[in-house]
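Biologist: I should like to learn how the features of a structural model are read, one after another. Could we begin with the backbone and then turn to the ligand and the enclosed spaces?

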Amino acid sequence: MTDQTLFDQLNIPNTIAAGPGPGNTDARVLARYAGAGLADHMHPDVLRGMIECKQMLRAVMGTQNVHTFGVAGTGWSGLDMMFSAVMPGDKVVMFVNGTFSGIDGLTVRMKAATAEELAANPLDPQTANVVIIDVPHGESVTGDVVDAALAAHKPKWAAMAHWETGSGRVNDIAGFSAACEKHGAMGLVDAVSSLGVGDFRIDDFPGVHGWASCPQKGICCLPLTYAPVSFTDTYIETLRSTGTRTFCHHPILEARHWGIIDGQDVEKGTYHRTHSAYAVSAFHEALRICLQQTIAQRAADYTYHEAALRRAIEAMGCEVTSNMPSLVVFNLPGDLAGREMELVQHCRAQNFGIWPTLSEPVQVRIGILNLLTEAAITDIVNRFAEALRAHGAKVDQADIDAVLRGHYDAAIAAE
Ligand SMILES: *Cc1c(COP(=O)(O)O)cnc(C)c1O
């Protein structure tokens, strides 16, 4: 009898991760991951690595917040921790302008729901104390919208995505922070797609008391490692007074393993849950790369290469509706409208990993995480032009070449 449950070794091909995330992990990060020795989670070098990560993360995020560290997992792990301070019955205003802020809204409705509200609709509770402000897909959340909603509702918490990756829109973080301060709300921000891509310091936004990001987008550390989070002392004091119903994602308890105890940095962490020497080494290297390249230089590189991609996509007759530096979201030329999924699947079948939008309306998304070279952008553009032609579109390669040459040659000439 053959064993039907023993499968062949799993081989996963190399793809061009040209979507909204995960991004392409740096070879240096993978080398540290595979190169770490097998050490237990309380080994002095693992604990030292975590302390160093914590300090580098404060520099990457631009903060003096003592409670700055990583949550094992992905973006939702960090967000789950950040939203853990929201308790049943808390009043919250959420600004939603796409897929991800929409899920943030669901998370908060689950956490703020009373027991009765949750039982009435466990997977999608309608929570009276949570006000969802819907901003149309393709538009940004503006400071005025935030100001008006917080004035009207006076919530304890307000939450927004910094960059909404579903629609590719940059939201007004300065306006959000100012409105939170003015109306006495504590701001919570989903910075999953902006950290490591945009040039900002979280301490410049004092109305925001909780931040959560992810390992595998701007930080380029896919061997799933740590979702960066940062909390102000006000957030931690609030949490201390209410408590929260999680052990694993408890901001105060998890911080202990990173050497943050009673609001102070201590020399080494104490056990909260198991950490992996591989993950710590990889995350450490990813943060070193961020700081070596500098956040400002990375941000400038994203802006520069996104402009090249955007121009080339527009030259193919597409209409770009995003304004995010790591991602271009667009409508196909009129005669291809409605064939977005077919086109995306055609590209994905060739290991060219682009994405559709995950909620209505259907659009195409092409991202450039850690693909910041002229060669990489040219490859993406040529592959996409080829896919459009395969679907019957008239795309003149000479026009596209000229657009890219114009963009990159102008930069060389300016040097
Ligand atoms: C990607 C993303 C998430 C989800 O992150 P995961 O790493 O998939 O858990 C949440 N919010 C935003 C804004 C994102 O871009």
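Modeller: Let us begin with Asp-262, which is exposed because its relative accessible area, 63%, is over the 50% cut-off. Please keep in mind that the model is predicted. Asp-262 belongs to the loop between strand 10 and strand 11 (264–265).

Biologist: What is phi of Asp-262 near?

Modeller: The general idea comes first: most residues other than glycine have a negative phi, and most peptide bonds are trans. In this model, phi of Asp-262 is near 50°, a positive value in a residue other than glycine. Asn-351 also has a positive phi, near 60°. This residue, Asn-351, sits in the loop between helix 12 (340–349) and strand 14.

Biologist: Is Asn-351 buried, exposed or partly exposed?

Modeller: Asn-351 counts as partly exposed, because its relative accessibility is 29%, and that class lies between the cut-offs of 20% and 50%.

Biologist: Which peptide bonds to proline are cis here?

Modeller: One of them runs from Gly-21 to Pro-22, with omega near 0°. Pro-22 is placed in the segment before helix 1 (27–35). Another cis bond joins Glu-360 to Pro-361, with omega near -5°, and Pro-361 lies in the loop between strand 14 (355–356) and strand 15 (364–367).

Biologist: How should burial be read for a glycine in a loop, for example Gly-259?

Modeller: The general idea is that a residue counts as buried under 20% relative accessible area. Gly-259 is therefore buried, at 0% relative accessibility. Its loop connects helix 9 (251–257) with strand 10 (260–261). The C-alpha atoms of Gly-259 and Val-66 are 10.0 Å apart, although 193 residues separate the two along the chain.

Biologist: Which helix gives the most residues to the shell around the ligand?

Modeller: Helix 3 (residues 75–82) does, with three residues. Six of the eight residues of helix 3 are buried, among them Gly-75, Leu-79 and Met-82. The shell as a whole has five nonpolar, five polar and two charged residues; it includes Trp-76, Phe-100, Trp-163, Asp-190 and Lys-217.

Biologist: Which residues make polar contacts with oxygen atoms of the ligand?

Modeller: Thr-74 places a polar side-chain atom 2.6 Å from an oxygen atom of the ligand. From Gly-75, a backbone N or O atom lies 2.8 Å from a ligand oxygen. For Thr-165, the distance from an N or O atom in its side chain to an oxygen atom of the ligand is 2.4 Å. The ligand has 380 Å² of accessible area on its own, and the protein covers 90% of this.

Biologist: How many cavities of 30 Å³ or more does a search of the whole structure find?

Modeller: The search finds one. The largest cavity holds about 30 Å³ of space. Its lining divides into seven nonpolar, one polar and two charged residues, and strand 4 supplies the largest share, three residues. Asp-190 is one of the lining residues of the largest cavity and also one of the residues around the ligand.

Biologist: What is the volume of the largest pocket, and which residues lie nearest its centre?

Modeller: The volume of the largest pocket is about 450 Å³. Of the 19 residues that line this pocket, Asn-14, Thr-15, Ala-17, Asn-24 and Leu-222 lie nearest its centre. By class, the lining of the largest pocket has nine nonpolar, nine polar and one charged residue.

Conventions:
Residues numbered from 1 in each chain as written. Predicted model: local features only at pLDDT ≥ 70, side-chain atom pairs only at ≥ 80, totals over all residues. Heavy atoms only, no water. 1 Å grid on protein atoms, 1.4 Å probe; cavity = no way out; pocket = protein on both sides within 12 Å on 5 of 7 lines; lining within 4 Å. Points joined across faces, edges and corners; volume = space filled by probe spheres on them. Nonpolar A, V, L, I, M, F, W, Y, C, P; charged D, E, K, R; others polar. Near = heavy atom within 4 Å. Polar contact = N/O pair within 3.5 Å; in protein donor to acceptor, adjacent residues only side chain to side chain. Areas by Shrake-Rupley, 256 points an atom, 1.4 Å probe, with all protein chains shown as cover. Helix = DSSP H or I, 4+ residues; strand = E, 2+ residues; numbered from the N terminus. Buried < 20%, exposed > 50% of the residue type's maximum accessible area, 1.4 Å probe, protein only.
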